[in-house]
Amino acid sequence: MPTLSLDQINLLSESDFQAHFAGVLEHSPQYAAQVARGRPYPGAEALAAAFARAARGGTPDEQRALIRAHPDLAGKAARAGDLTRESAHEQASAGLDRLSDAEYAEFHALNAAYHEKFGLPYVVCVREHDKASIFEQARRRLTHTSEQEVEAALHEIDRIARLRVLDLIQQPPALSPTPEFPMVKVRLGDNNYGKADVRLFKVFRDQPRHDIKDVQVRVAMQGDFEAAHVSGDNTDLVATDTVRNTIYALARDGMTGSVEAFGKHLIRHFVERGPRVTHARATFVEHTWDRMCSGGEAHDHAFVRQMPKHTATVSGDGHTFTVESGIDELYILKTTRSGWAGFHRDQFTTLPDTTDRVLATTVTARWTYRTEEPDTDEPDYDDVWTRVYQTLLDVFPDHYSHSMQQTLYRLGEAVLTRCDEIDRIHFSFPNRHHILYPLDRFGMDNPGVIFHADAEPYGVIEGWVERA
């Protein structure tokens, strides 16, 4: 069928319009006559939408008749060559004209299941699918009610009609850049791609006492991706869907200890297997869990989630790696032995000195490791994390804090003293202000017992503590 421009289509007689678009809705040319009366149409998509409205505008019996007008996929009509030109082309696009006898039998069983349950053929826009996805959608839709399946079939008919309409309309030439806005010369800068927020949960069942890992994973790959950006050439690119599947698959046998060690395992895989990948980065947020106590004893397979998170970022080229570990969302507080006094004052200062206050913060810490020699074992990352965490709990309450800055330095000093593997550590301490609430307006005193926990705005104290 020759294509026509939209201007030509809007000027066709109703009979010529009906003849041109007779095959848009299968064996139902009457809908084309209905759509013809809605002209002029401003664009191809508007014309396609008019066919969708016409198909859905019929009575329930008319809608079912339209669905029944569609042939079974790879059915008797296809084998006998009795399909419409449009249906034959579409089924061929999904390879349904080149099936083995076993595949024909599989489609026959599918069609029979649909006719038995719904009294309708299985209708799907095959140009948007392959054989595998056709069967996957069929299995899902066989769980529908009759009403749900009619709606699903009409949706697919909308998709079929849209593509058939676009096939019959000449597309206008692409617009070139106007002289007023010439394309500037650019180059591709640093770039990466991958998969984020992969929720990975692993149960270790090799002993009667189970262990678990609960991790959010993000992988970003770098490499020679310029062709994909500049010319749309995806040759040798790893799909982000593959990245997700790989994380789960490698975790089965490859995640046996720390997330840092697993990060190295992931990076080696993507650099070795990704034809264009030269470098990768794996980022982890691990939720920490502790065992529930039952009958006074730690339970073998029941857990309760704890507050702090174990964070980690591993990057490398598959041979050398940079590892950074951390703690996040550790909310700590002490009700006394803290103050803030002797600070600079000017005309905008309203805060009074205090030598006794509630000191609270949500700790975010991250640390880097001393350079690992090629012939030495890697650190026990989980053990280091546990020691850092315990150091924070030990040292935060053990001194009078003249400022959060002083406490930051003292904590960093203690971590580097106790953890020889760490080269330096960074802390971010947002002040979680607890403000004494004024009960005097109610004729009551407040001897430091009732506070308003103020969320915003808050001070932030940050810094690195490094080995001298």
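A453 is located in strand β9 (residues 451-453); helices (H or I, at least four residues) and strands (E, at least two) are DSSP runs, numbered from the N terminus. A453 is exposed, at a relative accessible area of 51%. Here exposed means over 50% relative accessible area, buried under 20%, and partly exposed in between, with a 1.4 Å probe and protein chains only. Leaving out residues up to four places away in sequence, A453 touches H433 and H434, where contact means heavy atoms within 4.5 Å. The C-alpha atoms of A453 and Y437 are 9.5 Å apart, with their positions 16 residues apart along the chain.

This is a predicted model, in which local features need pLDDT of at least 70 and side-chain atom pairs count only at pLDDT 80 or more, while totals for chains, interfaces and linings use all residues. Residues are numbered from 1 along each chain as its sequence is written, and side-chain values use heavy atoms, with hydrogens and water left out.

**Confidence**

The protein chain has an average pLDDT of 92, and 97% of the residues score at least 70; pLDDT is the predictor's confidence in each residue, from 0 to 100. Confidence in the chain is lowest in helix α6 (residues 76-80), with a mean of 74, and highest in helix α15 (residues 404-418), at 98. Where pLDDT is low, the predicted coordinates should not be read in detail.

**Buried positions in helices**

I9 belongs to helix α1 (residues 6-11) and is buried, with a relative accessible area of 0%. Apart from neighbours within four places in sequence, the contacts of I9 are L4, F17, F21, R39, L47, L168 and I169. I9 and I169 are 160 residues apart along the chain, yet their C-alpha atoms are separated by 8.2 Å. One of these contacts of I9, R39, is joined to P40 by a cis peptide bond with an omega of about 5°. P40 itself sits in the loop between α3 (30-36) and α4 (44-56).

N111, in helix α8 (residues 101-118), counts as buried at 5% relative accessibility. Not counting residues up to four places away in sequence, N111 touches D72, L73 and G75.

Helix α14 (residues 381-395) has 15 residues and should span 21 Å at 1.5 Å a residue; the end C-alpha atoms are 21 Å apart, which agrees. The expected span is 1.5 Å times one less than the number of residues. Buried in α14 are Y381, V384, W385, V388, T391, L392 and V395. They lie on the same side of α14, because they cover an arc of only 125° around the axis; the arc is that of the directions from the helix axis to the C-beta atoms. An α-helix has 3.6 residues a turn, so residues three or four places apart point the same way.

**Positive phi in strands**

Two non-glycine residues with positive phi are listed below.

| Residue | Phi | Strand | Relative accessibility |
|---|---|---|---|
| D197 | about 55° | β1 (residues 193-204) | 43%, partly exposed |
| E329 | about 60° | β5 (residues 321-334) | 37%, partly exposed |

**Cysteines**

A disulfide is counted when a pair of cysteine sulfur atoms lies within 2.5 Å, and the count comes to 0 disulfides. Among the cysteines, C293 is exposed at 64% relative accessibility, whereas C419 is buried, with a relative accessible area of 0%.
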